[in-house]
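Biologist: I have a protein model open and would like to understand the labels people attach to its residues. Could we go through a few together?

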Amino acid sequence: LKGPASTLYGSNALGGIVSIHTWNPQDRVSSGDQWRQIRFGFNGEYNGRHGTYTHAWNGEKNGVIFNINQRDGKGMQRPSTLADDHADWDQQSVFGKWVTDVAPGHQLSFNVQAQQRDQSTQIHSFIGQGRFANTTALAGDDSSESQKLSATYDFMLNKHWADDGLIRLYHSNTEFLQKTAENRFSRRGTPLLQDRLFSFEQKTLGMEANFTKQFNTGDWSHRLIYGVEIAQTDVAEYRDALQTNLNTGDSTNILLGEVFPFRDFPLTNVKEIGVFIHDEIDLNEQWTLIPALRFDRYDLDPTRDALFDNNAEDIEVVDIDESDFSPKLGLLYHINDYNSLYAQYVRGFRAPPAEDVNIGFNIALFNYRSIPNPDLKSETSNGYEVGYRLILPNQRLTLSGFYTEYKDLIVSRAPLGIDPS
């Protein structure tokens with residue numbers, strides 16, 4: 001979905017969304033049957049290999065589908081006129097879903113997704129250039145992993161306030177770990193080894209509840225969708241480094257004037273709640289009116305500790321408590337069964353990121369510093385779009401024009417120039 005989508009998806013959807021649909025067992029096989037698929041592949045560009053196995057089974061009331069995927073590769077990463085960088089990487093991922101019909105019209109599903117990736121890189125392209133003029137070897141060892149668990153309950157209600165509903169609980173965890181080893185000479189010709197580490201972790205616990213209701217008011221037909229979303233996210237990062245004199249074996253945790261380890265921004269807890277309502281109103285066979293409204297509440301709560309104070313003791317950390325309404329109004333005209341015209345207005349909302357509000361990045365030796373903005377306001381937008389759609393059984397065409405105005409645009413790491421003081 002392109003353009004602001006905050007009305008349905010909240011603060012993170014200011015620029016649009018990417019929706020990913022995962023298979024259910026019944027999408028691949030009928031009741032009482034099984035389905036298997038094994039695939040292998042090779043990419044000569046980077047000596048990449050991949051293999052995947054997918055299995056689906058669908059019973060009378062229960063169904064299971066899972067996928068296991070392995071990918072790896074090695075070779076040139078960054079073509080350069082100076083020298084080429086080479087990398088060796090491998091990646092594993094797994095997906096699984098169990099679906100059970102607990103009663104007619106009631107379905108419970110459990111979903112697990114996990115992925116990890118490791119990559120070793122040898123950098124040659126900018127050794128001897130600029131900041132790396134005295135560097136003789138540079139290598140990176142990066143790893144990442146993510147997991148997501150969710151439980152979803154789809155149910156029929158047939159009540160005056162809802163025909164059906166969905167409740168989903170989920171937990172996700174994402175971790176990045178980057179290690180860099182650099183061999184270089186000091187200005188006096190001393191051989192040094194600099195080991196650096198960057199760690200980032202984000203954990204989210206959330207719940208969403210959505211309901212739908214179809215009803216008529218006079219000659220108008222309504223399809224009402226409404227719900228609530230609640231999420232809590234904890235974010236933590238830190239950097240560490242150690243420099244070793246290869247002649248003496250002495251080590252120091254002070255590099256370029258920075259005393260390691262430290263955090264660039266404090267431990268951060270973010271609580272979000274959103275409530276929305278969306279109505280698709282068929283005025284007649286040709287015209288559909290789509291009004292929608294969402295309310296978001298965003299609460300950012302930082303916690304400073306010794307690691308943050310090690311680099312930014314003079315930085316004042318602040319809480320952020322923001323809320324906003326995001327309306328939407330759309331109009332759809334059906335020319336016939338295949339052609340339609342549409343127009344819409346939508347307001348977008350984006351709360352201030354934690355790393356912009358309370359950042360403490362500072363390299364005194366180079367007179368370089370990132371200044372936090374404790375007075376940062378939420379970014380909003382007003383978007384207008386008109387378009388034409390052609391939908392055929394095996395083809396789809398969309399032509400659109402849009403215009404978006406942004407207010408209080410948030411620009412991360414914006415260059416401010418030289419501090420006059």
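Biologist: Why is Y384 called partly exposed?

Modeller: Good place to begin, and keep in mind that this model is predicted. Y384 has a relative accessibility of 40%. Buried means under 20% and exposed means over 50%, so Y384, at 40%, counts as partly exposed.

Biologist: Where is Y384, and which residues does Y384 touch?

Modeller: Y384 is in strand β19, residues 379-391. Leaving out residues up to four places away in sequence, Y384 touches Q344, Y345, G401, F402, Y403 and E405. As for T303, its C-alpha is 40 Å from that of Y384, and the two are 81 residues apart in sequence.

Biologist: What makes N158 exposed?

Modeller: Its relative accessibility is 61%. The cut-off for exposed is over 50%, so N158 counts as exposed. You can find N158 in the loop between β6 (135-156) and β7 (164-185).

Biologist: What is there to notice about the phi of N158?

Modeller: Phi of N158 is positive, about 55°, although N158 is not a glycine. Most residues other than glycine have a negative phi.

Biologist: And how do you know that L256 is partly exposed?

Modeller: The same kind of reasoning works here. L256 has a relative accessible area of 26%. Partly exposed lies between the 20% and 50% cut-offs, so L256 is partly exposed. L256 also has a positive phi, near 55°, and is a residue other than glycine. Its place is the loop between β11 (254-255) and β12.

Biologist: What makes the peptide bond from F260 to P261 worth a look?

Modeller: That bond is cis, with omega near -5°. Most peptide bonds are trans. P261 lies in the loop between β12 (258-259) and β13 (267-282).

Biologist: Which residues make the nonpolar surface patch?

Modeller: The patch is made by W57, V64, F66, I68, V94, W98 and F110, and covers about 580 Å². Strands β3 (62-78) and β4 (85-103) each supply at least two of its residues. The largest share, 3 residues, comes from β3.

Biologist: Why can F110 be counted in a patch on the surface?

Modeller: Patch residues need over 30% relative accessible area. F110 has 35% relative accessibility, so F110 passes that cut-off. At 35%, F110 also counts as partly exposed. You will find F110 in strand β5, residues 106-123.

How values were computed
Residues are numbered from 1 along each chain as its sequence is written. This is a predicted model: local features need pLDDT of at least 70, side-chain atom pairs count only at pLDDT 80 or more; totals for chains, interfaces and linings use all residues. Side-chain values use heavy atoms; hydrogens and water are left out. Helices (H or I, at least four residues) and strands (E, at least two) are DSSP runs, numbered from the N terminus. Buried means under 20% relative accessible area, exposed over 50%, partly exposed in between (1.4 Å probe, protein chains only). Patches are made of residues with over 30% relative accessible area and no salt bridge: like charges are joined within 9 Å, nonpolar side chains (Val, Leu, Ile, Met, Phe, Trp, Tyr) within 5 Å. Accessible areas come from the Shrake-Rupley method with a 1.4 Å probe; for residues, only the protein chains shown count as cover. A salt bridge is a side-chain nitrogen of Lys or Arg within 4 Å of a carboxyl oxygen of Asp or Glu. Contact means heavy atoms within 4.5 Å.
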